[in-house]
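Me: Please take one strand of this chain, together with the loops beside it, and describe it closely for somebody in the first year of study. I would like the answer to be careful and connected.

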Amino acid sequence: MRKVALTLAAIASAAVCSAQMRSGTITLEDAVNLTMESNPTLKALEYEEKAAKRERQAAIGLFMPNISVKGAYSYLGKDVDISFNDLKGGVSNAAGELMKNPALVAILQNPQLGPIVQPILSDLQGGLNTLLGLDWAYTLQKQSFGFIGGDVTMPIFMGGKIIAANKAAKINEKTIVEQGVQQRNALMSEIVERYFGYALALNVVDVRRQVVAGVEQHLRDIQSLEKNGMVAQTERLYVEYKLAEAQRELLNSELQAETVGSALCNTLGTDSAATPVTAMFVMDAVETLEYYQRVAEDNNPLLNQVDLKRQLAKQNVNVHRADFFPQIVAMGGGTFYNYQVTKMLPRWAVGVGFNFKIFDGLNREYKYSAAKNTMRRVEALQTKAGKDIAILVESIYNKMINYRNQITSIESSIAFAEEYLRAKNAAYLEGMGTSTDLIDAELNLAKVKIERMQAAYNFDLYLAKLLEAAGISDEFMTYSRSINARQITYNKQ
């Protein structure tokens with residue numbers, strides 16, 4: 001039921017994403033869902049996870065008996081037999097010598113014993129003649145023969161190799177899962193970077209267009225005033241210079257927006273980028289640095305993979321240690337059908353076998369020592385990796401807080417720039433100011449608005465990277481919907 005629910009949720013999410021793409025807009029949440037559903041790297045990891053699961057299941061089979069059926073047919077050069085025909089002459093001669101024995105002759109000549117012994121000897125002579133007339137040869141195995149049978153082998157004690165193999169298979173499966181988590185977290189940061197990057201680029205284009213429109217209006221006003229001789233030519237030239245500069249910056253921002261849009265298309269796996277509708281945001285309050293470091297210590301997929309490598313190295317030690325113990329197996333076998341196979345062979349057999357290595361040139365000793373040193377090396381790397389991740393979290397956290405503080409400072413500058421523009425506009429309308437001052441005031445306001453959006457973008461980007469380093473990238477959407485999240489656009493806070 002859970003799989004069915006997840007499938008239905010994925011279908012519904014894909015339908016919403018498709019509808020939004022057709023309308024030309026897309027939210028950050030739907031962009032995340034679309035990317036997670038269609039990203040080829042994640043699909044490849046899913047197959048890798050399935051393969052690791054099957055490997056783990058295969059390792060369980062090492063505990064089970066091995067049962068096999070086998071058969072064979074053979075044709076020999078000749079029958080395998082044994083013959084005693086060459087002994088017939090000796091037996092016949094021995095019988096003849098016995099009949100000539102003086103003692104036996106005396107018995108036969110005895111009137112009382114002769115009639116009794118003579119019939120007996122006649123019967124023995126007849127039996128011997130019959131026996132000598134037989135073929136004194138026996139076929140042990142006929143020339144052609146075949147059989148179908150089976151055998152069973154059951155491991156009883158392998159020194160711990162089977163247990164270590166099963167634990168290693170489980171560790172490999174967990175490693176693949178952690179690699180998937182790492183890839184998903186990195187992909188989440190990429191989505192945030194490109195989605196909000198495209199939103200920032202589009203907002204910058206809007207600001208540049210407003211600036212160009214304002215300067216064009218000033219140029220028309222200046223041209224009218226110049227015709228009436230109310231302003232000097234230098235003012236018109238200054239406005240034309242500022243217009244060319246504004247148009248150049250607009251063109252650059254449009255090209256940059258096109259590039260970032262293409263990058264977003266690549267992430268989403270679409271042909272054209274929809275307009276982002278989720279605004280950038282800044283958190284007025286976030287958890288402490290120590291919180292994210294603790295979370296990273298428990299959830300960072302790289303640290304988890306290093307720990308799994310340590311566990312795998314430990315199982316490798318157990319495998320090589322098993323070489324110092326005997327291997328014991330139970331075995332049995334029999335034939336189900338045979339064709340002309342000698343009856344002298346048994347039809348079934350059972351037994352127990354063992355193998356114990358006494359000396360192999362210190363090969364196992366050195367391999368066991370190498371496995372232990374490898375485990376110690378991984379343990380040392382695990383300690384270093386933990387410290388590196390803690391430093392990484394601290395660096396990202398400080399940059400994120402710095403951009404949040406910049407937004408606070410920039411917003412004070414915006415308030416001043418807006419008031420300064422209002423004052424210069426009023427002075428210009430009253431004839432107390434110049435167009436140069438007014439244009440400079442407008443450009444200054446546009447500049448600080450763009451700086452605020454850039455700072456908001458950097459805050460969101462480093463927040464995504466911070467959550468990635470902490471191993472909790474899935475919580476980014478929760479942060480974006482938090483009551484502490486304040487939306488930032490070019491025209492409002």
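Reply: Two residues are in contact when heavy atoms of the two lie within 4.5 Å of each other. The structure is a predicted model, in which local features need pLDDT of at least 70 and side-chain atom pairs count only at pLDDT 80 or more, while totals for chains, interfaces and linings use all residues. Residues are numbered from 1 along each chain as its sequence is written, and side-chain values use heavy atoms, with hydrogens and water left out.

The strand to look at is E9, which covers residues 348-355 and includes Trp348; strands (E, at least two residues) and helices (H or I, at least four) are DSSP runs numbered from the N terminus. Trp348 counts as exposed because its relative accessibility is 62%, where exposed means over 50%, buried under 20% and partly exposed in between, with a 1.4 Å probe and protein chains only. Once the neighbours within four places in sequence are set aside, Trp348 is in contact with Gly333 and Gly334. Gly333 and Trp348 are 15 residues apart in sequence, yet their C-alpha atoms are 5.6 Å apart in space.

On one side of this strand is the loop between strand E8 (327-339) and E9, and Gln340 is found in that loop. Gln340 has a positive phi of about 60 degrees, although Gln340 is not a glycine. This deserves a pause, because most residues other than glycine have a negative phi. Gln340 is also partly exposed, since its relative accessible area is 29%.

On the other side, the loop between E9 and helix H11 (363-429) holds Leu362. Here too phi is positive in a residue other than glycine, with a value near 65 degrees for Leu362. The relative accessible area of Leu362 is 36%, and therefore Leu362 is partly exposed.

For a contrast with these accessible positions, consider the largest nonpolar core, which has 87 residues; such a core is a set of buried Ala, Val, Leu, Ile, Met, Phe, Trp, Tyr and Cys residues joined through side-chain atoms within 4.5 Å. Phe196, Met400, Leu463 and Phe476 have the most contacts inside this core, and helix H12 (residues 435-470) gives the largest share of the core, 21 residues. Apart from neighbours within four places in sequence, Leu463 is in contact with Phe281, Met283, Met400, Phe476 and Tyr479. Another core, of 6 residues, lies apart from the largest one, and among its members are Val317, Ala371, Met375 and Val378.
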